[in-house]
Amino acid sequence: MANPIFFNTQPLLPIQQQTTGTGRQATQASRTKSGDFDALLTAAKERVLFSAHAQARMQERGIELSEESLQKLDTAVSDLDRKGARESLVYMDGTAFVVSVPNRTVITAMDGRNEENIITNIDSAAIL
């Protein structure tokens with residue numbers, strides 16, 4: 001036996017939670033951090049994402065969104081989600097966005113200058 005194997009025999013102890021005088025198990029600081037994280041997570045879930053394809057199309061077509069326009073798009077996708085939409089066309093300020101509603105992701109974007117203005121495989125539309 002040239003290489004014996006040793007095991008750590010130290011017992012694992014449960015993590016003890018701090019309690020306050022009223023018996024509550026979380027401190028105010030940890031609740032605040034948890035609440036802040038929950039708020040950030042909820043806000044992140046509400047934001048529309050842009051696929052790499054959509055980002056490339058927007059860049060090559062010179063499509064830019066202001067914070068106000070992005071908020072309108074977020075609201076429209078939320079409304080479409082409540083209605084049960086899956087693949088939607090959102091037309092806003094002369095720009096068409098094809099959105100995967102369950103994924104909250106813009107698949108592609110096009111403006112009126114695009115040569116091919118045919119959009120297929122959508123089940124709903126929102127005109128803003």
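Visitor: Let's start with one residue: is Ala85 buried or exposed?

Guide: Buried, because its relative accessible area is 8% and anything under 20% counts as buried. Keep in mind that this is a predicted model. Ala85 sits in the loop between H3 and E2.

Visitor: Which residues is Ala85 in contact with, leaving aside its neighbours within four places in sequence?

Guide: Leu80, Val101, Pro102, Asp123 and Ser124. Take Val101: Ala85 and Val101 are 16 residues apart along the chain, and their C-alpha atoms are separated by 6.4 Å. Just after H3 you'll also find Gly84, with a positive phi of about 90°.

Visitor: Let me step back. How many helices and strands does the protein have?

Guide: Three helices and five strands. Reading from the N terminus, the order is α-β-α-α-β-β-β-β. For the whole protein, 27% of the 128 residues count as buried. Contacts between residues 24 or more positions apart make up 52% of those with a separation of 6 or more.

Visitor: Now H3. What span does H3 reach from its first C-alpha to its last?

Guide: H3 has 16 residues and reaches 23 Å, close to the 22 Å expected at 1.5 Å a residue.

Visitor: Which residues of H3 are buried?

Guide: Here's the general idea: an α-helix has 3.6 residues a turn, so residues three or four places apart point the same way. In H3 the buried residues are Ser69, Leu70, Leu73, Asp74, Ala76, Val77, Ser78 and Leu80.

Visitor: There are serines in there. Why does Ser69 count as buried?

Guide: Because its relative accessibility is 12%, and the cut-off for buried is under 20%. Beyond its neighbours within four places in sequence, Ser69 is in contact with Met92 and Asp93. Ser78, also in helix H3, counts as buried because its relative accessibility is 14%. With the same kind of neighbours left aside, Ser78 is in contact with Glu46 and Arg104.

Visitor: How many residues does the largest nonpolar core have?

Guide: The general idea first: in soluble globular proteins, nonpolar side chains tend to be buried together. In this model the largest nonpolar core has 17 residues, and Leu73, Leu80, Val90, Phe97, Val99 and Val106 have the most contacts inside it. Helix H2 (52-61), H3, strand E2 (87-92), strand E3 (95-100) and E4 each supply at least two residues of this core. H3 gives the largest share, four residues.

Visitor: Let me zoom in on Phe97. What is Phe97 in contact with?

Guide: Leave aside the neighbours within four places in sequence, and the list is Met58, Leu65, Leu73, Ser88, Leu89, Val90, Met92, Val106, Thr108 and Ala109.

Visitor: Next, pockets. What volume does the largest pocket have?

Guide: To find such places, you use a simple trick: rolling a probe the size of a water molecule over the atoms shows where empty space is left. The largest pocket here comes out at about 220 Å³. It is lined by 12 residues, and the closest to its centre are Val98, Thr108, Ile118, Ile119 and Thr120. The lining divides into five nonpolar, four polar and three charged residues. Strand E4 (residues 105-111) gives the most to this lining, with three residues.

Visitor: And where is the place of Thr120?

Guide: In the loop between E4 and E5. Thr120 counts as exposed because its relative accessibility is 53%, and the cut-off for exposed is over 50%. Thr120 and Ser88 are 32 residues apart in sequence, with 9.9 Å between their C-alpha atoms.

Visitor: Last topic, backbone angles. What is the phi of Arg104?

Guide: Background first: most residues other than glycine have a negative phi. Arg104 has a phi near 50°, a positive value in a residue other than glycine. Arg104 lies in the loop between E3 and E4 and counts as buried because its relative accessibility is 11%.

Visitor: What about Asn121: which value is its phi near?

Guide: Near 60°, again positive in a residue other than glycine. Asn121 is in the loop between E4 and strand E5 (124-127). Asn121 is exposed, as its relative accessible area is 72%.

Notes: Residues are numbered from 1 along each chain as its sequence is written. This is a predicted model: local features need pLDDT of at least 70, side-chain atom pairs count only at pLDDT 80 or more; totals for chains, interfaces and linings use all residues. Side-chain values use heavy atoms; hydrogens and water are left out. Buried means under 20% relative accessible area, exposed over 50%, partly exposed in between (1.4 Å probe, protein chains only). Contact means heavy atoms within 4.5 Å. On a 1 Å grid over the protein atoms alone, a cavity is a set of points where a 1.4 Å probe fits but cannot get out, and a pocket is an open set with protein on both sides within 12 Å along at least five of seven lines; lining residues have an atom within 4 Å of a point. Grid points are joined across faces, edges and corners, and a volume is the space filled by probe spheres set on the points. Ala, Val, Leu, Ile, Met, Phe, Trp, Tyr, Cys and Pro count as nonpolar, Asp, Glu, Lys and Arg as charged, and the others, Gly among them, as polar. A nonpolar core is a set of buried Ala, Val, Leu, Ile, Met, Phe, Trp, Tyr and Cys residues joined through side-chain atoms within 4.5 Å. The expected span of a helix is 1.5 Å times one less than its number of residues.
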